[in-house]
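User: Could you take me through this protein model? I would like to start with the overall fold and then look at some individual residues.

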Amino acid sequence: MNIQDCINLIRSNGLLKEWSDIQIAAGINRAIDTCCFTFSTDSSGKIDGLVFGRWIEPAKHIFVIAAIGKGKLRSYFSFLRSHFPQCHKISALRYGVERIYNI
């Protein structure tokens with residue numbers, strides 16, 4: 001997995017259009033540093049899904065910035081939750097409204 005593959009996947013799914021590639025790369029690197037990043041690959045090793053977000057300390061919650069995956073989002077969120085046992089919630093904006101995912 002490399003950052004450019006993640007950016008390409010994000011772009012091909014029409015997400016984060018207002019972000020530059022540099023901003024996406026910085027966001028992914030921050031997410032990796034704080035364990036708020038996970039991805040999957042297909043049988044040929046090509047990245048086919050990812051979730052990245054940011055850790056919000058006072059609220060002890062992960063705010064998801066981008067999520068791409070064919071039916072795998074629940075397993076991604078479970079993975080993030082297991083790496084942050086102190087996490088109280090995982091949320092993301094969906095159609096302009098913050099949605100909380102109970103995992």
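Analyst: This is a predicted model, and the discussion below goes from the sheet to the core and then to particular residues.

User: How many strands are in the sheet, and in what order?

Analyst: The open sheet consists of five strands, arranged in the order β1-β2-β3-β4-β5, and their pairing is mixed. The edge positions belong to β1 (37-41) and β5 (97-101); each has a single partner strand, so one side of each has no neighbour in the sheet. From one strand to the next, the twist averages 25 degrees.

User: What holds paired strands together in general?

Analyst: Strands of a sheet pair through backbone hydrogen bonds, in either a parallel or an antiparallel sense.

User: In which sense do β2 and β3 pair, and over how many bridges?

Analyst: The pairing of β2 and β3 is antiparallel and extends over seven bridges. Within this part of the sheet, Leu50 stands opposite Ile68 in β3.

User: Which strands does α2 touch?

Analyst: Helix α2 packs on the sheet and touches β1 and β2, with its direction at about 70 degrees to that of β2. Helix α3 also packs on the sheet, where it touches β1, β2, β3, β4 and β5. The direction of α3 makes about 140 degrees with that of β1.

User: Now the interior. How many residues are in the largest nonpolar core?

Analyst: That core has 29 residues, and those with the most contacts inside it are Ile10, Ile28, Leu50, Phe52, Ile62, Phe77 and Ile90. The elements that supply two or more residues to the core are α1 (3-12), α2 (21-33), β2 (47-56), β3 (61-68), α3 (73-83) and β4 (89-94).

User: Take Ile28. Which residues is it in contact with, leaving aside its neighbours within four places in sequence?

Analyst: On that basis, Ile28 is in contact with Ile3, Cys6, Ile10, Phe37 and Phe52.

User: Cys6 caught my attention. How many disulfides are there in the whole structure?

Analyst: A search of the whole structure finds zero disulfides. For Cys6, the closest cysteine sulfur is in Cys36, at 15 Å, which is too far for a bond. Cys6 counts as buried because its relative accessibility is 0%.

User: And Cys35, how far is its sulfur from the closest cysteine sulfur?

Analyst: The distance is 7.3 Å, again to the sulfur of Cys36, and this is too far for a bond. With a relative accessibility of 39%, Cys35 counts as partly exposed.

User: Switching topic: is His61 buried or exposed?

Analyst: His61, whose place is in strand β3, counts as buried because its relative accessibility is 6%. Its side chain makes a polar contact of 2.7 Å with the side chain of Ser91. Beyond its neighbours within four places in sequence, His61 has several contacts, including Arg54, Trp55, Lys89, Ile90 and Glu98.

User: What about β4 and β5, how do they pair?

Analyst: Strands β4 and β5 pair in the antiparallel sense over five bridges, and Arg94 stands opposite Val97 in β5. Their hairpin has two residues between the strands, and there Tyr95 takes a positive phi near 55 degrees.

User: Is Tyr95 buried or exposed?

Analyst: Tyr95 is exposed, because its relative accessible area is 76%. Leu16 also has a positive phi, near 50 degrees, in a residue other than glycine. Leu16 is found in the loop between α1 and α2, and at 12% relative accessibility Leu16 counts as buried.

Definitions and conventions:
Residues numbered from 1 in each chain as written. Predicted model: local features only at pLDDT ≥ 70, side-chain atom pairs only at ≥ 80, totals over all residues. Heavy atoms only, no water. Core = buried A, V, L, I, M, F, W, Y, C linked by side-chain atoms within 4.5 Å. Buried < 20%, exposed > 50% of the residue type's maximum accessible area, 1.4 Å probe, protein only. Helix = DSSP H or I, 4+ residues; strand = E, 2+ residues; numbered from the N terminus. Contact = heavy atoms within 4.5 Å. Pairing = 2+ DSSP bridges. Axes fitted to C-alpha atoms, helices over the stretch in contact; angles between N-to-C directions. Disulfide = S-S within 2.5 Å. Polar contact = N/O pair within 3.5 Å; in protein donor to acceptor, adjacent residues only side chain to side chain.
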